[in-house]
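Trainee: I should like to learn how to read the nonpolar cores and pockets of a protein model. May we work through an example together?

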Amino acid sequence: MEHIEQAGVHSGDSACSLPPFSLSADMQNELRRQTVAMAKELNVIGLMNVQFAIQSETVYVLEVNPRASRTVPFVSKATGVALAKIAARCMAGQTLAQQGVTREVIPPYYSVKEAVFPFIKFPGVDTILGPEMKSTGEVMGVGDTFAEAFVKSQLAASVKLPKDGKVFISVREADKPGAVEIARSLTQLGFTILATRGTAAVIKDAGVAVTVVNKVAEGRPHIVDMIKNGEVNLIVNTVDSKPSAMRDSYSIRHAALQGRVTYYTTLAGARAACIGMQHLTELQVYDLQTLHQRLR
């Protein structure tokens with residue numbers, strides 16, 4: 001299972017995909033090898049949760065927990081395997097072979113779990129994602145492609161992906177190269193790009209059309225005015241962890257929340273949204289029973 005948001009965002013707040021949507025087969029096999037090695041060395045009987053981070057093909061182990069996690073029900077629904085029951089019986093002395101569990105189930109379709117946040121009920125809270133968990137629930141979308149499954153997960157979480165309009169992009173320095181890719185994808189989908197001066201300069205240098213808008217501190221009309229006036233349909237906003245940067249951009253996220261404007265506070269989430277918006281008209285209805293029959 002692959003998280004969509006990068007390491008540093010609490011796993012409970014990150015969307016995730018099963019099977020992985022971007023990891024190579026070789027990398028997936030390496031993760032399986034390391035997981036089996038740790039389980040044997042730790043002598044775990046039952047469920048074990050491992051979180052990896054990958055940077056430049058180097059695998060890092062973030063944590064290993066000899067217990068179930070909140071993703072167990074999601075994985076069970078996605079694969080048709082009652083993991084909690086199987087693990088409990090293992091702990092009671094039954095082997096996997098005795099229970100008829102002899103192979104890993106890899107679905108021929110995608111399942112995406114998305115977190116659900118209560119931000120609208122707490123007007124003063126900041127919507128930026130980080131290591132502290134803020135979600136209070138989760139939903140699941142299923143599709144033959146990652147894009148279809150992701151779009152359904154957003155719809156289930158009451159996140160509206162626009163089909164056209166204006167997108168505001170303002171990102172931290174480290175994310176500016178990635179912002180170009182997102183701006184180009186959104187332009188190809190027919191969106192108009194708005195950005196603050198620093199982000200706009202990078203996007204313009206890459207040959208993508210962009211309109212500069214003022215930050216709040218730069219005077220009116222500024223981006224918060226545009227959000228309140230209903231002129232912005234989607235927001236991509238990432239910030240440094242510095243308190244000053246968080247304060248400067250808080251008004252943008254707050255206005256988006258109050259105006260029910262869809263926003264992403266990570267580039268990974270924005271990239272997934274771009275992929276999903278390319279397939280908004282290709283959604284099909286499935287039931288779990290029929291999907292699980294495809295696993296046999």
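**Cores and a pocket**

Mentor: Please note at the outset that this is a predicted model. A nonpolar core is a set of buried residues joined through side-chain atoms within 4.5 Å. Here the largest nonpolar core has 32 residues, and those that touch the most other members are Ile4, Phe150, Ile169, Leu186 and Met277.

Trainee: Which elements give two or more residues to this core?

Mentor: They are the helices H4 (146-156), H5 (176-188), H6 (197-205) and H9 (267-277), together with the strands E7 (166-170), E8 (192-195) and E10 (234-237). With seven residues, H9 gives the most. At least three residues of the core come from each of domain 1 (1-159 + 281-295) and domain 2 (162-279).

Trainee: With which residues is leucine 186 in contact, leaving aside its neighbours within four places in sequence?

Mentor: Leucine 186 is in contact with Val167, Ile169, Phe191, Ile193, Leu234, Cys274 and Met277. There is also a second, separate core of 13 residues, with Val213, Ile252, Ala255 and Ala256 among them.

Trainee: How should I read the second largest pocket, and which residues lie nearest its centre?

Mentor: One may consider its volume, its lining and the classes of residue. The second largest pocket has a volume of about 780 Å³. Its lining comprises 29 residues, and Phe117, Ala157, Ser158, Val159 and Tyr263 lie nearest the centre. Strands E5 (110-116) and E11 (262-264) and helices H4 and H8 (243-258) each give two or more residues to this lining.

Trainee: How many residues of each class are in that lining?

Mentor: The lining has 16 nonpolar, seven polar and six charged residues. Domain 1 and domain 2 each supply at least three residues to the lining of this pocket.

Notes: Residues are numbered from 1 along each chain as its sequence is written. This is a predicted model: local features need pLDDT of at least 70, side-chain atom pairs count only at pLDDT 80 or more; totals for chains, interfaces and linings use all residues. Side-chain values use heavy atoms; hydrogens and water are left out. Buried means under 20% relative accessible area, exposed over 50%, partly exposed in between (1.4 Å probe, protein chains only). Helices (H or I, at least four residues) and strands (E, at least two) are DSSP runs, numbered from the N terminus. Domain bounds come from an automatic or database domain assignment. Contact means heavy atoms within 4.5 Å. On a 1 Å grid over the protein atoms alone, a cavity is a set of points where a 1.4 Å probe fits but cannot get out, and a pocket is an open set with protein on both sides within 12 Å along at least five of seven lines; lining residues have an atom within 4 Å of a point. Grid points are joined across faces, edges and corners, and a volume is the space filled by probe spheres set on the points. Ala, Val, Leu, Ile, Met, Phe, Trp, Tyr, Cys and Pro count as nonpolar, Asp, Glu, Lys and Arg as charged, and the others, Gly among them, as polar.
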